[in-house]
Amino acid sequence: MGKRKGPEASIEESVRREAEAAGFLFWKFTSTNRVGVPDRILVSPWGLVTFWEFKRPGEDLAPRGPQARRAAELTARGAMVVVCDDIDRGAHMLAALATPEAYEHLLQSLAEKRADDAPRIITAPVPDSRH
C-alpha cells in the first residue's frame with residue numbers, strides 16, 4: 001500500500017511532527033480484523049491515551065459507517081476520539097492534552113458547550129485567541 005498524499009496526509013504529518021516534538025507518542029493504529037479504527041493513537045507526556053481520526057479540510061467530521069462503530073466502541077469504554085481536519089486545530093488540541101491541567105480545562109470548556117458532562121468524540125477545537 002502506497003503512502004497517502006493530499007490534504008489529510010499533510011495535516012496528519014504536521015500534527016505528528018508537533019506531537020513528537022512536544023513529547024507525545026504518535027503511533028499508527030492498524031487492525032488486521034477491524035475496519036474503521038482511528039488513524040492514530042496518541043499518548044501524552046503524562047500518559048493520557050487518545051485516538052485520532054484525520055479528515056480532509058471541509059470533509060464531514062462525524063464518523064460514519066465502520067468508523068462510527070469503532071468510535072462508539074471506544075467511547076463506550078471511556079476513551080476519547082479526536083477528529084481533526086486542520087493543522088492549527090490539531091496543534092491547539094495537542095496543547096489541550098499536554099498536561100493534566102490543560103486537559104481538565106478542555107473538558108470543562110467542552111462540557112459548557114454540550115449537555116454531556118464527558119464528551120468523548122470531539123473535533124479539534126478552534127484555538128482560543130484569549131490564551
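Me: Leaving aside neighbours within four places in sequence, which residues is Leu 97 in contact with?
Reply: Happy to help! This is a predicted model, where local features need pLDDT of at least 70, side-chain atom pairs count only at pLDDT 80 or more, and totals for chains, interfaces and linings use all residues. Residues are numbered from 1 along each chain as its sequence is written, and side-chain values use heavy atoms, leaving out hydrogens and water. With contact meaning heavy atoms within 4.5 Å, the partners of Leu 97 are Phe 24, Ser 44, Trp 46, Leu 48, Thr 50, Trp 52, Tyr 103 and Leu 106.

Me: Which residues touch the most other members of the largest nonpolar core?
Reply: A nonpolar core is a set of buried Ala, Val, Leu, Ile, Met, Phe, Trp, Tyr and Cys residues joined through side-chain atoms within 4.5 Å. Buried means under 20% relative accessible area, exposed over 50%, and partly exposed in between (1.4 Å probe, protein chains only). The largest core has 20 residues, and those touching the most other members are Val 15, Trp 52 and Leu 97.

Me: Which elements give two or more residues to this core?
Reply: Helices (H or I, at least four residues) and strands (E, at least two) are DSSP runs, numbered from the N terminus. By that naming, the elements giving two or more residues to the core are α1, β3 (49-54), β4 (80-84), α3 (87-97) and α4 (100-113).

Me: How many salt bridges does a search of the whole structure find?
Reply: Side chains of opposite charge can pair when their charged atoms come close. A salt bridge needs a side-chain nitrogen of Lys or Arg within 4 Å of a carboxyl oxygen of Asp or Glu. Searching the whole structure gives eight.

Me: How many residues apart are Glu 12 and Arg 40, a pair that links distant parts of the chain?
Reply: These two form a salt bridge, with their closest N and O atoms 2.5 Å apart. Glu 12 sits in helix α1 (residues 7-21) and Arg 40 in strand β2 (residues 40-43), so the separation along the chain is 28 residues.

Me: Is Glu 12 buried or exposed?
Reply: Look at the relative accessibility of Glu 12, which is 3%. Because the cut-off for this class is under 20%, Glu 12 counts as buried.

Me: In which helix do Arg 70 and Glu 73 both lie?
Reply: Arg 70 and Glu 73 form a salt bridge, the closest N and O atoms being 2.8 Å apart. Arg 70 is buried at 12%, while Glu 73 is partly exposed at 35%. They are three residues apart, about one turn of the helix, and that helix is α2.
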